[in-house]
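Please open the model in your viewer and follow the selections below in order.

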Amino acid sequence: MTPSPALEVLCMTVTPMHSDYSIDEDALRVHLRRLVAAGNGIYLGSGGSGEGHALSPAELRLVYDVGVDEAKGKVPVYANPREARTADAMYEVVNQAVEAGVDMVQVYQLDAGHGMTPTVREQEAYFNSVIDRVDHPVALSMHVFAGYVAPVSLLSTLCTRFPQIVAINVMGPPERYFLQLRDTLPETVRLFTGVANLPGLVPLGAVGGLGAENNCIPNVCRRIGDAIVDGDADGLASALQTLRRFSAAVAEASPNGGSSRGNKMAMKALGLGNGVLRPPYLALPDADQAKLAALLDGLGIREAEGL
């Protein structure tokens with residue numbers, strides 16, 4: 001398959017905070033402008049990198065409004081509402097994003113809670129209840145962090161039933177699942193994956209990649225997409241190695257996961273933010289923060305990003 005002439009590279013954006021944990025709108029605007037300048041589309045308010053679970057619906061609406069104001073018409077502007085345990089809870093935040101005017105809104109899998117995996121009937125009922133109320137372009141998330149993914153047959157049924165489903169973000173399942181989706185779903189339904197997985201999945205039909213690392217290295221991530229389209233093997237290898245090494249450095253300094261913590265701490269180390277996280281998340285201890293700064297200096301991240 002010939003790569004698309006325009007692979008989308010999308011950032012799951014952080015939400016900058018003041019020291020009192022309120023949203024720093026000015027810092028958010030500065031951050032979004034940097035992403036736009038690097039040719040990155042944006043996903044706003046996610047439960048991971050965007051700390052969406054710690055934000056109220058009104059705060060999420062502010063994030064969506066700022067994103068639309070800063071970036072719509074320049075790069076894709078999408079919303080990534082946090083995972084929800086009921087269809088009504090998901091719709092509440094989805095509706096805020098739609099009213100703000102984002103280009104597309106993602107709907108996560110049902111978070112059934114307490115270790116429960118929803119049955120296929122329950123998954124279908126949940127998606128039906130949310131999407132039937134949304135007259136707007138929708139992406140569905142199939143993320144392994146949910147602990148399960150919907151069967152291909154269910155996604156095929158949903159895409160037939162709801163033409164507003166225009167994309168599926170496939171984050172983590174094996175390549176055979178991705179290929180089954182591409183072979184089964186209409187071509188009008190675009191498939192996305194992680195930025196680091198683009199080299200393997202563009203030949204299978206991926207049209208773009210999502211990542212949280214873009215908050216720190218948006219130019220490196222953009223080069224991965226460009227190198228694939230241009231057939232630049234050396235450029236792809238260099239950018240992909242930088243991305244993988246950056247991710248490993250963040251994981252070493254912040255081993256408990258959490259894309260908001262790791263990326264905000266890395267941004268602070270690079271002079272791109274203050275590192276404030278809203279509780280229950282906490283900043284790294286000073287020693288770990290210094291370790292991360294040293295690791296990033298050793299990787300030449302500032303030089304790679306022109307900082």
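**Whole chain**

With the entire chain selected, the accessible surface amounts to about 12,800 Å², and 52% of that belongs to carbon and sulfur atoms (Shrake-Rupley method, 1.4 Å probe; for residues, only the protein chains shown count as cover). This is a predicted model, in which local features need pLDDT of at least 70 and side-chain atom pairs count only at pLDDT 80 or more, while totals for chains, interfaces and linings use all residues. Residues are numbered from 1 along each chain as its sequence is written, and side-chain values use heavy atoms, with hydrogens and water left out.

Colour by secondary structure: the chain has 12 helices and 8 strands (DSSP runs numbered from the N terminus; helices are H or I of at least four residues, strands E of at least two). The radius of gyration, taken over C-alpha atoms, is 18 Å, close to the 19 Å that the globule rule gives for 307 residues, so the chain is as compact as a globular protein of that length (the rule is 2.2 Å times the number of residues to the power 0.38).

**Strand β6 and its neighbours**

Select residues 165-171, strand β6: 6 of its 7 residues are buried (under 20% relative accessible area, 1.4 Å probe, protein chains only).

Add residues 138-143, strand β5, which runs parallel to β6 and is joined to it by 6 bridges (pairing requires at least two DSSP bridges). Here A139 has A167 of β6 as its bridge partner. Helix α5 (residues 152-161) carries the chain from β5 to β6 in a right-handed β-α-β crossover (clockwise from the first strand over the helix to the second, with the strands pointing away from the viewer).

Finally, select residues 190-194, strand β7, which pairs with β6 in the parallel sense over 3 bridges. I168 stands opposite L191 of β7. The connection from β6 to β7 passes through helix α6 (residues 175-184), and this β-α-β crossover is right-handed.

Key. Buried means under 20% relative accessible area, exposed over 50%, partly exposed in between (1.4 Å probe, protein chains only).
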